[in-house]
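Let's take a look at how helices sit against each other in this protein model. Have the structure open and turn it around as you read.

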Amino acid sequence: MSKRQMHLVGYVLAGPTWHHYGIWRHPESDGLDMLDPARYEEIARVLEHGKFDGLFFVDFLMLFDSYAGGYRTNLKEGGQQCMMDPMQLLATMARVTSNIGLAATMSTSLYHPFHIARSFASLDHITKGRAGWNVVTSAMDREAKNFGMDALLEKNLRYDMADEVVEACTKLWHSWEPDAVVGDRENNIFADADKVHYVNYEGKYVRTSGPLTTPRSPQGSPVIMQAGSSPRGREFAGRWAEVIFTLQNSKEHMQAFYRDIKDRVVASGRRPNECAIVPAVDVVLGDTESIAKERAEAINSYASPTLGLAEISNALGVDMSNEPLDKPLAELELTQGCRGILDVMLQGVEKDGLTLGQAGKAWATSQMTPQLVGTPTMIADYLQDYFEAECCDGFMICPSMSPGTYVQFVKTVVPELQRRGIFRKEYKYATFRENLQN
Ligand SMILES: Cc1cc2nc3c(=O)[nH]c(=O)nc-3n(C[C@H](O)[C@H](O)[C@H](O)COP(=O)(O)O)c2cc1C
């Protein structure tokens, strides 16, 4: 019997800083090419060369401004910012690749299901069956204000709304039967109207009549990706998600998360392999361990604790500029914002008893994901160990440096995983979903 295969997904963001704050200042970083489509095309080519299942764009619909009353710190120091619309970048990436899955984040709280369904159906046609949607409910009221609302719904209600949005989108995606377009020139039959249907979806939060204007796409619907970690977020993921991103702090936390989500997937009537769980890891490589450590030290020297704290403020929706840096993170009280993210940080607190200042530095360094530093063999050992210990089905690779981390990873770690028989040597299928499930 062939060995279970690992899945790899790349983390991409249309801005100067991805996962490692301050890295745009490094001379080898392409962070300042953030507005150039060629940057993204190159990343897509590299990851496809490495046979990655897919890549996805993080997206937030605001300039982060939860720290010290505005966006000054974040802008000045080049923190996380999503400067371009991922859907358009994905369309350009689609034109230079043919196998890798291409996914974007889109918010169910801020976009209407008709817009979402049409965008992803179009992307699925453009990519010939490689589209993915990272479903987020958004967490910051500034995002709501940008869309003309005063505030977001309360968190659990946002997930209730997200359920409706995905239901409505699914109906819209299926509003065209697969063979509705006939294209019969001789008999003047472009489409069979009996195979295109109104959906008349009426929920508590959203309504849409349909049909979609876009014919059925190759996958029928994009691969659904998600990163909920709160109980309600996990419930949503168990029902819908085909890929789950997670930040977990230890092997035990990963195993517990893995079991919990797989149980929820099965409880929703799906097979466990219909949902791939991929924790985020940050990788710093070197030909020897000491070279890798030196490299990590150089890279991490760019991470500013202030920017890290500003970013934690953004992630949690709470201004921490007036909090003392030596305050224990465990003493923060939170109800709104990304509570799930705080819980993950608190896993680190149990381990290390972090203060706010230390958390700021750790966040700026790798957003609290494990930073794996070592030779390609050491990194492959770690990935294989976690994969085989049922912590996950694969990994989301968050590059400390773009494009260098990806280039090195693909050149050195991927062949090692392939030699061990736990990662594909070639793509076997044409669609993102098929590659993920096999
Ligand atoms: C790896 C990762 C990537 C994420 N990307 C985004 C994103 O692009 N946009 C966004 O609004 N939220 C993003 N989130 C936040 C999640 O959607 C979610 O709100 C968060 O993980 C907290 O889970 P909870 O909502 O269940 O508390 C991301 C989370 C993780 C762990």
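In this predicted model, helix α6 passes helix α7 in a right-handed crossing. Helix α6 covers residues 155–173 and helix α7 covers residues 231–240. They pack at an angle of about 15°, and their axes are 9 Å apart. Angles under 35 degrees count as roughly parallel, so α6 is roughly parallel to α7.

Who touches whom here? On the α6 side you'll find N156, Y159, A162, D163 and V166, and they meet R232, G233, F236 and W240 of α7. Sort the residues in this contact by class and you get five nonpolar, two polar and two charged ones.

Now swing over to another pair, helix α3 (residues 86–94) and helix α4 (residues 113–126). Their axes come within 10 Å and cross at roughly 10°. That makes α3 roughly parallel to α4. The crossing of this pair, α3 and α4, is left-handed.

Which residues does α3 bring to α4? They are M87, L90, A91 and A94, and across from them α4 offers S119, L123 and I126. By class, the contact between α3 and α4 has six nonpolar residues, one polar residue and no charged ones.

Here are the two pairs again, side by side:

| Helix pair | Angle | Axis distance |
|---|---|---|
| α6 and α7 | about 15° | 9 Å apart |
| α3 and α4 | roughly 10° | within 10 Å |

Why those columns? Two packed helices are described by the angle between their axes and the distance between the axes.

Conventions: Residues are numbered from 1 along each chain as its sequence is written. This is a predicted model: local features need pLDDT of at least 70, side-chain atom pairs count only at pLDDT 80 or more; totals for chains, interfaces and linings use all residues. Axes are lines fitted to C-alpha atoms, for helices over the stretch in contact, and angles run from 0 to 180 degrees between N-to-C directions. Helices (H or I, at least four residues) and strands (E, at least two) are DSSP runs, numbered from the N terminus. Angles under 35 degrees count as roughly parallel, over 145 as roughly antiparallel, 65 to 115 as roughly perpendicular and the rest as oblique. A crossing is left-handed if the near helix is turned anticlockwise from the far one by less than a right angle, and right-handed if clockwise. Two residues are in contact if their C-beta atoms, placed from the backbone, lie within 7 Å. Ala, Val, Leu, Ile, Met, Phe, Trp, Tyr, Cys and Pro count as nonpolar, Asp, Glu, Lys and Arg as charged, and the others, Gly among them, as polar.
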